[in-house]
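Work through the exercises below with the sequence and the 3D view open. Try each task before reading its solution.

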Amino acid sequence: MTARPAAPRGAIIGAGRAGRALALALTRAAVPVRVCVRRPTALPAPLECSLGPWNEVLAEADVVLLTVPDDAIGDVATAIREASLAQAVVLHVSGLRDRSALSALEGRARGLGSFHPLQTLAGDSEAAGRLRAAFAVLEGDAAAVEAGRGLASMLGMEPLVIEAAQKPRYHAAAVIVSNYTVTLVAVAAKLAR
């Protein structure tokens, strides 16, 4: 009988919808996770926030997820550059940006990439549950893709690996499906009336 590998230790920077949903889903999958925030933030139980500086939390993490707005990814990567990340893979959750958004961490972490859940993440508990069977779109170096596959597997998600050059088209397709489906239904209903 083979021993089951120990769950990776995770750190999530950002406590928005994506951060809370992923933290809850990882906790439910028995993955120890810490949510890193700049100021005290109310989180759903059993999550707790870790206030900065996050050096100790990041030094213990195997996977660090940046769940911050797209335009903040580079700034956060720069802010954590001096943390001990040699054992960690750092992934951001942007559907549009590729691993180059983490360029400040080049050579500082074990791997860099992106892990984008192709799922709407509104409502903490419900969003965490909806991750199961959703696609996790992965992009990055080999270590990042491997870590992303592992996270997807633990969360019951379907991994899909794409190249950096495909991210803008992928993101456009995701936006059309997510946002314009509702618009099309509304237009169709108006026409039908």
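Four exercises follow, each with a worked solution.

The model is predicted, so local features need pLDDT of at least 70 and side-chain atom pairs count only at pLDDT 80 or more, while totals for chains, interfaces and linings use all residues. Residues are numbered from 1 along each chain as its sequence is written, and side-chain values use heavy atoms, with hydrogens and water left out.

**Exercise 1. The sheet**

Task: Find the order of the strands in the open sheet and name its edge strands.

Solution.
- Step 1: Locate the elements, which are DSSP runs numbered from the N terminus: helices (H or I, at least four residues) and strands (E, at least two).
- Step 2: Look for pairs; two strands pair if DSSP finds at least two bridges between them. Strands of a sheet pair through backbone hydrogen bonds, either parallel or antiparallel.
- Step 3: Read off the order of the eight strands, β3-β2-β1-β4-β5-β6-β7-β8, in which the pairing is mixed.
- Step 4: Pairing on one side only marks the edge strands, β3 (49-51) and β8 (158-161).
- Step 5: On average, neighbouring strands of this sheet are turned by 30 degrees against each other, direction ignored.

**Exercise 2. Strand β6 and its surroundings**

Task: Describe how β6 pairs with β7 and which helix packs on the sheet there.

Solution.
- Step 1: β6 (residues 111-118) is antiparallel to β7 (residues 135-140), with six bridges between them. Across this pair, Phe-115 faces Leu-138 in β7.
- Step 2: The helix is α6 (residues 167-192), which touches β5 (89-92), β6 and β7. Contact means heavy atoms within 4.5 Å.
- Step 3: The direction of α6 makes about 20 degrees with that of β6. Axes are lines fitted to C-alpha atoms, for helices over the stretch in contact, and angles run from 0 to 180 degrees between N-to-C directions.

**Exercise 3. Two polar residues**

Task: Are Ser-114 and Gln-119 buried, partly exposed or exposed?

Solution.
- Step 1: Buried means under 20% relative accessible area, exposed over 50%, and partly exposed in between (1.4 Å probe, protein chains only).
- Step 2: Ser-114, in strand β6, has 2% relative accessibility and therefore counts as buried. Beyond its neighbours within four places in sequence, Ser-114 is in contact with residues including Leu-91, Val-137 and Lys-167.
- Step 3: The side chains of Ser-114 and Lys-167 form a polar contact of 2.8 Å. A polar contact is a pair of N or O atoms within 3.5 Å; within protein, one must be able to donate a hydrogen and the other to accept it, and residues adjacent in sequence count only if both atoms are side-chain atoms.
- Step 4: Gln-119, in the loop between β6 and α4 (124-130), has a relative accessible area of 29%, so this residue is partly exposed. A polar atom of its side chain lies 3.4 Å from the backbone oxygen of Arg-130.

**Exercise 4. The largest pocket**

Task: Which element gives the largest share of the lining of the largest pocket?

Solution.
- Step 1: On a 1 Å grid over the protein atoms alone, a pocket is an open set of points with protein on both sides within 12 Å along at least five of seven lines; lining residues have an atom within 4 Å of a point.
- Step 2: The largest pocket holds about 690 Å³ of space, and Gln-119 is among the lining residues closest to its centre.
- Step 3: At least two lining residues come from each of α1 (17-28), β6 and α6. The largest share, seven residues, belongs to α6.

Methods. On a 1 Å grid over the protein atoms alone, a cavity is a set of points where a 1.4 Å probe fits but cannot get out, and a pocket is an open set with protein on both sides within 12 Å along at least five of seven lines; lining residues have an atom within 4 Å of a point. Grid points are joined across faces, edges and corners, and a volume is the space filled by probe spheres set on the points.
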